[in-house]
Amino acid sequence: MLDSLPSLDGPTASLSRREKAAIVVRLLLTKGSVPFLASLPEHKQTELAVQLARMAPVDQDTVAAVAAEFADAIERIGLSFPAGLENAIGLLDGVLSEGATSRLRQMAPSSGYRGNPWDDIDKAEADRLVPFLESEAVEVAAVVLSKLKVGKAAEVWASCRANARGASPMRSARPAASLPRWSTASAVLWPTS
């Protein structure tokens, strides 16, 4: 929001967006309103703190002009959306099915989900991955193996080769239209048992 403050003529013309953001935050703190800065990415929090430390005193006309720009920018917002998956779940409470809500809660950052399914697949035990890869087309297995850490990929590949007793452990290539749609990834990430 603060990044979208316009540069207008007058007392704010020479101020950068960061300076304007620092003025707004300082004004809010002075008035007893504590902005929820912890929801900003850490690098933005750091930038803001550094900018606050660099600021020189600002005259009342400049403060009023920056506050007016900020208020105008807020008034132009038609809709706002929740920040983060947890807040979206709260917004949709009572609207989604229990199954969808449960799945979303598992994906929320507080549950440990980081948003990268390959990390979760990489954490799976090799003996759990091997049966899925052995039932997949070579192309699908190759993609999965390429996404694993080198040590894990080597362990999984060695297990596949040992199970096949030297023969090619994966099924031969099939036409692209018949390849499964990430059945391996979905089975590992969302097991039915």
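**A nonpolar surface patch and a buried aspartate**

Leu-91, Leu-92, Val-95 and Leu-96 together make a nonpolar patch of about 360 Å² on the surface of this predicted model. One of these residues, Leu-91, sits in helix 4, which covers residues 85-91. Its relative accessibility comes out at 58%, so Leu-91 counts as exposed, the cut-off for that label being over 50%.

Asp-122 is a charged residue's story told from the inside. Asp-122 belongs to helix 6, made up of residues 117-123. With a relative accessible area of 10%, Asp-122 falls under the 20% limit and is therefore buried. The side chain of Asp-122 also reaches across to the backbone nitrogen of Lys-149, at 2.9 Å. Once neighbours within four places in sequence are set aside, the residues in contact with Asp-122 are Leu-148, Lys-149 and Lys-152. Lys-149 thus turns up both as a contact of Asp-122 and as the owner of the backbone nitrogen that the Asp-122 side chain reaches.

As for confidence, pLDDT averages 76 over the chain, and 74% of the residues score at least 70. Residues 4-8 stay under 50, and the model gives this stretch 13 contacts beyond four places in sequence. Residues 168-193 are also below 50 in pLDDT, with 51 contacts in the model beyond near neighbours in sequence. Where pLDDT is low, the predicted coordinates should not be read in detail.

Technical notes:
Residues numbered from 1 in each chain as written. Predicted model: local features only at pLDDT ≥ 70, side-chain atom pairs only at ≥ 80, totals over all residues. Heavy atoms only, no water. Patch = residues over 30% accessible without salt bridge, like charges linked within 9 Å, V, L, I, M, F, W, Y side chains within 5 Å. Areas by Shrake-Rupley, 256 points an atom, 1.4 Å probe, with all protein chains shown as cover. Salt bridge = Lys/Arg side-chain N within 4 Å of Asp/Glu carboxyl O. Helix = DSSP H or I, 4+ residues; strand = E, 2+ residues; numbered from the N terminus. Buried < 20%, exposed > 50% of the residue type's maximum accessible area, 1.4 Å probe, protein only. Polar contact = N/O pair within 3.5 Å; in protein donor to acceptor, adjacent residues only side chain to side chain. Contact = heavy atoms within 4.5 Å. pLDDT = per-residue confidence, 0-100.
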